[in-house]
Structures are given as C-alpha cells and as structure tokens.
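Visitor: Please show me the structure, and tell me why its parts get the names they do.

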Amino acid sequence: MNHAQLRVPKIAAFRTIIRSLPFLIDNPKGDGNMKRWIVSAGSTSERGLVMQEVARPEPGAGEVLVRVDAVSLNARDQLLLRGTFGVSPRDFVPVSDGAGEIVAIGAGVEGWAVGDKVTGIFHRNWTDGPPTQGQGWGLGSPDDDGMLAEYVVLRAERVAAAPKKLTPEEAACLPCAALTAWTALNGDRPYRNPVRKGDKVLATGTGTVALFSVLFAKAVGAAVVVTTSRDGKSAQSRALGASDIINYKTHPNWGEVAFERSEGFQRVVNAGGGGELDQSIAALAPSGEIALMGLYAQASAPPNLVALMMKGASIRGTSVGSAMAHRDMVDFVDTHGIKPPIAKAFAMSDVPAAYELAASGEAFGKVVIRVAGAG
Ligand SMILES: NC(=O)c1ccc[n+]([C@@H]2O[C@H](COP(=O)([O-])OP(=O)(O)OC[C@H]3O[C@@H](n4cnc5c(N)ncnc54)[C@H](OP(=O)(O)O)[C@@H]3O)[C@@H](O)[C@H]2O)c1
C-alpha cells in the first residue's frame, strides 16, 4: 500500500465528520433546495453515507431534469460504498436504479416532454449490441452520479420510459438487477440464443438478479429452479414461479443435484460468482450456457474446463445491458404484466437502514427508498 492509499481513509473520515454536522455546509438557504445522499470520497464503510441539502440542479443543453420518486438498491451499491473496486477520489451520488418524472427540459432535447415518467439507464455510451467498453461503471458510481437525490439531471439519452403499469417504486427496481437478468436470459442484442418456451433455467441464490430471472424466464414458458442458503425463502420463491428449490449450503454439490432432478439446464444464471462455476457446469445440459455476473463467490481454482468441453457448453460474461435492451425489457414487463418483488420501502431519511437490510441477505426482493416528498 502506498502513502496516497494510506492517507485516503483519514481524509475521508475527516470529511465525513464535517459533512455529518447537520447542514453546516452544502446547505444553501432559500427555495430551490433539495435533499440528496452522497458517498464521501474515500468511503470504505456505511459511515461514508451522508445526507446533504444542496441547490436543485438545472438541465443544460441535451439534458432533462427528473424529479425522483423512488430508487432501489443493488449489490453493487454496497461494493461502491465500501470501496471494493477502489475507494472513490470524489464524493458521488450513489444508486443506479431510480424512477420519476421529467420536470424540465434543456435546449435541443427531442422526444421527451415535461410529465413523462422515466427511469435512468444504467450504462452510458452503450446504445445497442455488445458492451462498448466505454460504458463506465454505471449510474451511481465514482465516474457517474446516480439517482439518490430529489432531483437529478440526466442526458436525454440516459432516460427510458417507465413501464406503463408499474408504480414508481416498482419501476425503480428495473435498471440494474432486472436488466442484468434480461441480458443473462437473452444475451446482448441481436438476441441469438434467448431462453425459450420449454427451456430449463437454473438461477443461483435468491438475490434480485435471480428473482427477475425467475419472472422473465417463467413468462416465456421456461421452467426455473433456484438455489438458496435460506430455507425460509423457499415458499416465496415458489410463489414467484420457481418450480424447484435447492439449498446450496446443505447441498454443496447443488449443480449435480439439479442435473439429476432435471437432466440439465439450457441456461444457468450464475449470480454467485466464479467459485460456483464447477457446480454451474455440472448443472448444464449439452450446449447449455452459463451467464456469469456474480461477484459473491470467488474462484480458488480454475473451473473444470474439461467438463465444459464435454458438454459443448459456454460461459458468457454479463454486464447489465444496453439502452436498447433496457427498452426491450420495459416492453416485456408491460406485455407480460411483470411485477417486481419489493421486500421493503424505506423513507429518504432511512437510507443507512435500507443499505443494512440489502446487505444482510435477509430481504426477498428489492429494497426501495421513497424519495419524492422527502421535504
Ligand atoms: N456483472 C454485472 O453486470 C452485475 C449486475 C448485477 C449484479 N451483479 C452481481 O450479481 C450478484 C447478485 O446481484 P443481486 O443484485 O441479485 O444481489 P443481491 O440481491 O444483493 O443478492 C443477495 C443474495 O445473493 C445470494 N448469494 C450470496 N452469496 C451467494 C453465493 N455464494 N452463491 C449464490 N448466491 C449467493 C443470497 O441468496 P440466498 O439468501 O437465497 O442464499 C443473497 O440473499 C452480486 O454479486 C452482484 O454484484 C453483477
């Protein structure tokens, strides 16, 4: 560790203390203020979360101002708060997933009107096809301010119409976990090998990516099995549409167990991580595919590539999805009447408690924060 790295937590702690003093700074008086939360520069723990009152932003050319109604948390929000990918050199507004209403439009914006209900789009510079490598870390990261604010300014191409039949809280569940599940099941556009009616899908864990995988796969007529470490989540998983549940703690060979019960899966949505690849391969049917996005279980050894070869199977990395894929997913949600599962909705003042529940693994469904009217 170099000197610069050693100094960051101290500076961060100092800033956090200063910012925690109730609104002594960043609190311009008068109309036009708003509340927001930031992750402080150098944050490595929940102490980095700080609420501020700041001036409401104005949209510039090519931008829209969105009044945020609700946001939802994802696993990555914990990683970014704790500096798992490297501590942030700057304060940033966290959280990728938010829904609200356009309340002002900057010069030159076409296709959007005041009053439109929208969500943010996770990645920048990724309109269609496979990842561009210029898409960044997504909304709510050190290089891209997010949605945990009463008002946010977004580039016009960075918003998508919210599903017509969902509440703002439900719409706020879609941009990251749901789109990741969509991409896991369909691939990137054009969709060459989507999960189809009659396919079998295995989704690992009952995190939110897995739960959206259940909903989307079930809607096309596929059968979905989930794994969990908590038997208490079995009934909820069945109610959502899972046809079978396997406890991955009491069955460390859950992939083999799943294969024996099903004769193999066309798709494994691996939300666990590289450490789960061998069991994911064991679960696959010939020519099956693992969509890999999980970061929980790190691999301690290379995967069983011979088993992968013998099945003619493949592993595909999954990175949320493109703007066009997001729009396809929204159409699908509307067409099939998909209802995002919400575990609990918190008030804007209770953001640390929302992060705590999301980190606990106890929640079944999305952890939501109501932003509008935080006043
Ligand atoms: N690459 C990408 O673009 C991308 C996008 C989204 C998410 N992700 C990653 O995908 C993973 C899931 O995201 P999420 O939003 O669904 O997370 P989440 O909602 O926070 O998931 C929490 C659940 O994950 C399950 N879990 C934890 N450790 C596990 C393990 N070793 N094996 C299997 N399941 C495990 C647990 O399920 P049970 O309680 O049922 O045991 C836990 O309740 C995370 O690692 C996240 O960082 C990656």
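**Ligand, helices, domains**

Guide: Start at the ligand. Helix H2 (75–81), H4 and H5 each supply at least two residues of the shell around it.

Visitor: What makes a stretch a helix?

Guide: A helix is a DSSP run of H or I with at least four residues, and a strand is a run of E with at least two; both are numbered from the N terminus. This is a predicted model: local features need pLDDT of at least 70, side-chain atom pairs count only at pLDDT 80 or more, and totals for chains, interfaces and linings use all residues. Residue numbers start from 1 along each chain, as its sequence is written.

Visitor: How many residues surround the ligand, and which are the closest?

Guide: There are 30 around the ligand, and the closest are Gly205, Gly207, Thr228, Ser229 and Gly272. A residue counts as near if its C-beta atom, placed from the backbone, lies within 6 Å.

Visitor: What is the shell made of, by class?

Guide: The shell has twelve nonpolar, 14 polar and four charged residues. Ala, Val, Leu, Ile, Met, Phe, Trp, Tyr, Cys and Pro count as nonpolar; Asp, Glu, Lys and Arg count as charged; the others, Gly among them, count as polar.

Visitor: Which domains does the shell draw on?

Guide: At least three shell residues come from each of domain 1 (3–176 + 323–370) and domain 2 (188–317). Those bounds come from an automatic or database domain assignment.

Visitor: How far apart are the C-alpha centres of domain 1 and domain 2?

Guide: They lie 29 Å apart. The domains still touch: 14 residues of domain 1 and twelve of domain 2 form the contact. Contact requires C-beta atoms, placed from the backbone, within 7 Å. On the domain 1 side, helix H10 (residues 323–336) gives the most, with four residues. That side has eight nonpolar, four polar and two charged residues.

Visitor: Why are H4 and H5 called oblique to each other?

Guide: The axes of H4 (residues 174–186) and H5 (residues 208–219) cross at roughly 55° and come within 8 Å. Axes are lines fitted to C-alpha atoms, for helices over the stretch in contact, and angles run from 0 to 180 degrees between N-to-C directions. Under 35 degrees is roughly parallel, over 145 roughly antiparallel, 65 to 115 roughly perpendicular, and the rest oblique. The angle falls in the rest, so H4 and H5 are oblique. Their contact includes Trp182 of H4 and Phe212 and Phe216 of H5. It has ten nonpolar, three polar and no charged residues.

Visitor: What are H4 and H10 to each other, oblique or roughly perpendicular?

Guide: H4 and H10 pack at about 90°, with axes 10 Å apart. That lies between 65 and 115 degrees, so H4 is roughly perpendicular to H10. Among the H4 residues that meet H10 are Leu174, Leu179 and Trp182; the H10 side is Ala325, His326 and Met329. Seven residues of this contact are nonpolar, two polar and none charged.

Visitor: Which peptide bond is cis?

Guide: The bond from Arg189 to Pro190 is cis, with omega near -10°. Pro190 sits in the loop between H4 and strand E8 (200–203).

Conventions:
Contact = placed C-beta atoms within 7 Å.
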